[in-house]
Every structure is written in structure tokens, then in C-alpha cells.
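Please look over the sequence and the model shown here before reading on. The report that follows takes up a few places one after another.

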Amino acid sequence: MGRKLDPTRKEKRGPGRKARKQRGAEVELARFLPPEPESGRKKLSSHGRKRAAKRRLGAGSAPAGRKPLGGGRESVAGQTAHGQSGISDGNSKQLALVKAKKILSKGNNVELSSDGEVEEAIWEMEEEEEDGSSEDMVDDYGASSSGEEELLPIERAALKQKSDRGGLSEDDSEEEEEEEAVEEASRQKMGQKEEETDLQLNLDVDEPFKLPTNEQIEREDILFISEPPDLHIIHQRIKGNMEVLQDFAVKREEGRTRQEYLALLRRDMAAYYSYSDFLLMKLMDIFPLPELINFLEANEVPRPVTIRTNTLKTRRRDLAQALINRGVNLDPLGKWSKTGLVIYDSSVPIGATPEYLAGHYMLQGASSLLPVMALAPQENEHILDMCCAPGGKTSYIAQLMKNTGMILANDSNAERLRSVVGNLHRLGVTNAVVSNCDGRQFPKVLGGFDRVLLDAPCSGTGVISKDPAVKTNKDEKDILRCAHLQKELILSAIDSVNAASETGGYIVYCTCSIMVEENEWVVDYALKKRNVRLVATGLDFGKEGFTRFKDRRFHPSLKSTRRFYPHTHNMDGFFIAKFKKFSNAIPQAQKEAAALSTVPDTVTEPQPKKKKLEGSKIDQEQKPPQPALKKRRSLQAQRRPLK
């Protein structure tokens, strides 16, 4: 893996991005740059540069404290023997003549009066010699001894850029070639390693999945007790098992049944996702295997935070702008909702903003908006919310009714009613009456409602992301207990509705569960027990309810019910069904009345045996009482006090 470069075919590197932006600097700096060094010039060593510097300093300080420069062993002419710039023999002669003239003119006063003039003459001659010399001296810092100024950093960069464009030197090119060769070797090694890992992965993938033996499973069970399971191995085994089950006829092992693969898959899922074996069996009956994995993965991720705008006090546009100004990142919930907003992140707590305290919005899940939309309450109606806590659906109903009509908000738990009262006051709901009654006895308390909303208590298998304890604390008894309570509540809800209502006569049944026993089974039971029929919910999305499940067969109209899942709709699992009541009579009472009316027609004449039996019973009843009974009655009459 990786790029394979040929070091022989090396392309010259051009200037960088910043250098390309400063092309105009080259023209300006060309006037200040030193000329290119001559190829034949010989560079001095560090000691040579030091000695040359000492000689220059000595030449400048000699006139003040040394003998005249005319002749001697340490004359300036000795510097020219080494090939360096300095004062020649001719110059020394001229300086000697100047000194002789000054000595003759000033009375042989050599030491005092001739110092300054001799020094000036020496420096003038040095400058003339430096200007006319063909060789330059290099100092300790690598700079030439010419009168040019030291280069600035930007000038050095421009010089380097110019040399890069003109071509690299042999030393630099060799160094770069060595570096690129090392990089190429390292790339080849990395490529070989990646190819080996890829081959290893391919081998792991291409290996067929094999079921572990019973001994291996027992060994893993023992290890699970002492150490936590290796989730990576379990995840790989789940993936391999799923591939085999999707193409079981081709990829299965000989002598292995599908039940063995399913048992291993259920065991691995229970260990990987922390579900009980009972709940996984129920979920495997509801979902296909690929969809089951998506459902389990979606339950590990929390649902997005959603709020509902209270249109009794504000508009969604104004609320969104106010929250955006407070640092909230939000969007409309969807085309299906005109009041919902989804919150992505916020710099302030959503449940403590001034807008929340003023009742401009309600923290409410997206799935909780759907039952009220299906109920479609109208203004000036009488509506019953049988299980109303914590008051989100009740306030939404009041919002759609524009605080007209009457809403009876009922709940059997008095503690939960406190939150209902607080939310209704905060949101400005004025048409609600709160009651604490058992919903199963409600038709006897009050009836004749136009619409009823029943959000029945359930097992909570649709909100596992909010309550992970549902994964392990539910069993068959809990599901059946909830289903029995739901059947009683739905019958009482149907009985509380007036079928003769001009605008209503509707019942909406919903749960936050995905179990068939709590949804389709309860709805089918209500269709058999009461004069109701299923109608469309009015929701454009959602999956249809089951009409057949395992060995059960439900009414075909259950297709109009709707199911919502977290992995498909990104909201809590929910079930919604909408009934229309077309008669207030109870079917069972009609059957009993029909049976009583048909009894006289079928029995024309009683049989003689029955006459004798009836006659004997009448004779026994009309016989006079015995004497012992007479005495007891007379004694009891005597004991009674007189009034």
C-alpha cells in the first residue's frame, strides 16, 4: 500500500505557497544582494580567519604604539606574503616618506604630533588597497570584508529561493536524494505492513463462520462469571452468524440446524446489548434479523430533545428566534408538525429559560404529539384524557381547542397529578378539570364525551433509550398484566363516548410499547366487544399494524393502525389506533335480549313431568307450619319488648 516513487525520477521542488506570493520582493532585493561567489576562490579555515582578523587589527593599532612601518620584521608587507589583502611595500615606502617630511617640518617630534596623521594615512591606504584588490577576506562569521552590509533574513530567503530556482548544489542534491531514499524505504515497509494486515483481514473475513462447540460455550460461561466478556469477539460472532442466517442454505455447517444458530445469536445479543432472554425472543418474533440489529443499536442512542410551542401564548417563529438569541441551536421538527422544534445543542438549560417559565413551550417527545394529532379535537367539545400525567397531551388538546369547551384530565395516581396542575397553570390552560379516579370505573362517574384519549400504561418497551432497566426487568407476567389492564381501560373509554355526538364519537388508543400483546391484541379485543370500527389516524407516516402474528389472526382493519420505531422514525416506539363508535348499545346485552325473546317461541307446551315437579314445589311451600315452629315463634313474640 502507499505511493511507490522512483528516486531516479525526482522532480525539482518549486517555491512554496508563501514564496510564490512574494515574487515582487526578488526585484527589490536584487540591488542589495551580494554578487555570487566565484568558483575559484579559496576559503580560509577558522584559524586562518582569526589570524587575518588579528593582522587587520594590528595594522590599525600599530602607528600609535609601535615603530615606524618603513622596515622591520613585522611590517605590513609581511601580510601580502600570505595572499591576503593588506598594505604593499610601495605603500609602506610612501608612508615612510610622509613621516620623514612631517618629522623634518615639526622638529623631529615623532611620538606626539605624527600619530593622528600617520593613522589616517594608514587607513586611507587600506581602503584603497581593499578597493583595488581582487581577493576578499572572510571573517569569523562567514561574511566578506567588503563594505557591503550584512544580509537581512528576508534577503537570505530571497537568495535561497533564487538558488533553488537556478538549481541545487551537488551537496544539497545528494543530501536530498539520501533523505528521499530513506523515506521511500520507510514507505515501502509501511506498504508491506498494510498489505499484510489487509491480507490478514481478508483471510479473517473469508473464513466461514463456525458454531462453537458446547465445551467452548461452557468455558465462556465460566469465564463470564470471573471476567467481563470480550465484546469485540461477540460482535464479530454476531456479524458472522447474521451472514449465515441470511443465506442459510449455502453457508450453514453440515449437521447444524437453524435453531442452533438462532440460539447462539440470541445468547450473544443478550451478552452484547444486556437484554433478557425473554425480551430478545419477543423482539426476534416482531422484527426481521437485520432490522432487529438496527432497533437494538437505536436503543443505545438517546432520542433528540424536542419541544412543543404553546400557541396560546406565542408563535413558533417568535419562540425560535428568542431561543436562537439565547444560544440554542434548533430546527423545525418536521413537515408533519406545525408546533414542534428539535434542539441540537444549547448554551443554556432548556428547562429553565425565561421562555419556559413563562409557558411559551413544553418539553415533549415527538411521539407524544402524534396521538393528539390523531384525535383532532374540535372547539367547544367535551374531551376526556383518561391517563393524563404529566399533562403534555392535555395542554396540547387545550391548545388545539383554543381554551374552549371542557377537558377532563384524569389520572389514578395523585402524586403525578401535581405535575399536571403545575404544567396547566404555567401554560395558561383554563378549560381543564383535573380528577383523580380509576379509569376502569369512569363510565359510572361521568360519560357522554365527544372524544376520549387513552394513553394506556404499558411495559415501556418503546422507550428503552430513556429507561434501560426495561431490558431486564420485564417478563411474561408483566406483559400479560399490562394487557389485561389495557383491555379493561379501553372498554371503559369506549363506554364513556357518546356515539350520537355531532362532531365526535372517536377514541384514540396509544401505548409506548411495541409488544403485540399490548397493541393489536387489545384493539382486536375491543372490536369484538363493542360497536366500534377502526378509522384512519390521519398520520402520513408510520408502519402499518399487524394483521397476523405467529399463530394469531387479527381483524383486517388493523392495517389502519400505525407503529413508530426509533430506528426508522428517530422517535420513541409508539402504537396508535383510532376508533369510531357507531352505537351506544353493548353487543353482549343485545345477544342476551335476543336469547330471552326467542325462549317463549321455542317452548310451546310444558312437559307433564315438569308440571308435577312444579306442583310438588308449590304444595311444599303452601303446607302449614309444624307445631314446633309455632311454639318457637310464640316464645320469640313474648320475649320482644312492647313498644
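## The loop that holds Cys 512

In this predicted model, the loop between strand 9 (506–511) and helix 23 (520–529) contains Cys 512. The UniProt record, an unreviewed entry, places the feature "active site" at Cys 512.

Cys 512 has a relative accessible area of 22%, and because buried means under 20% and exposed means over 50%, Cys 512 counts as partly exposed. If its neighbours within four places in sequence are left aside, Cys 512 is in contact with Cys 458, Gly 460, Thr 461, Gly 462 and Val 463, and also with Gly 573 and Phe 574.

## A sheet of four strands

Elsewhere in the chain, 4 strands form an open sheet with antiparallel pairing, and their order across the sheet is 2-3-1-4. Strand 2 (328–332) and strand 4 (361–363) are the edge strands, each of which pairs on one side only. On average, and with direction ignored, neighbouring strands of this sheet are turned by 35° against each other.

Strand 1 (residues 305–309) and strand 3 (residues 340–346) run antiparallel and are joined by 4 bridges. Along this pairing, Gly 340 in strand 3 is the residue that stands opposite Arg 308.

## Helices lying across the sheet

Helix 16 (residues 316–325) lies across strand 1, strand 2, strand 3 and strand 4, and its direction makes an angle of about 155° with strand 2. Helix 20 (residues 417–427) lies across strand 1 and strand 4, running at about 155° to strand 4.

## Two crossing helices

Helix 11 (residues 231–246) and helix 13 (residues 258–273) have axes that come within 10 Å and cross at roughly 150°, and this crossing is left-handed. The residues that meet include Leu 231, Ile 234, Arg 237 and Ile 238 in helix 11, and Tyr 261, Leu 265, Asp 268 and Tyr 272 in helix 13. Sorted by class, the contact of helix 11 with helix 13 has 13 nonpolar, 2 polar and 4 charged residues.

Is Asp 268, which is found in helix 13, buried or exposed? Asp 268 has a relative accessible area of 1%, and since buried means under 20%, Asp 268 is classed as buried. When residues up to four places away in sequence are not counted, Asp 268 touches Ile 234, Arg 237 and Ile 238, and these three are among the helix 11 residues that meet helix 13.

Notes: Residues numbered from 1 in each chain as written. Predicted model: local features only at pLDDT ≥ 70, side-chain atom pairs only at ≥ 80, totals over all residues. Heavy atoms only, no water. Pairing = 2+ DSSP bridges. Axes fitted to C-alpha atoms, helices over the stretch in contact; angles between N-to-C directions. Contact = heavy atoms within 4.5 Å. UniProt positions renumbered as here; feature names shortened; annotations may be inferred. Buried < 20%, exposed > 50% of the residue type's maximum accessible area, 1.4 Å probe, protein only. Left-handed = near helix turned anticlockwise from the far one by under 90°. Nonpolar A, V, L, I, M, F, W, Y, C, P; charged D, E, K, R; others polar.
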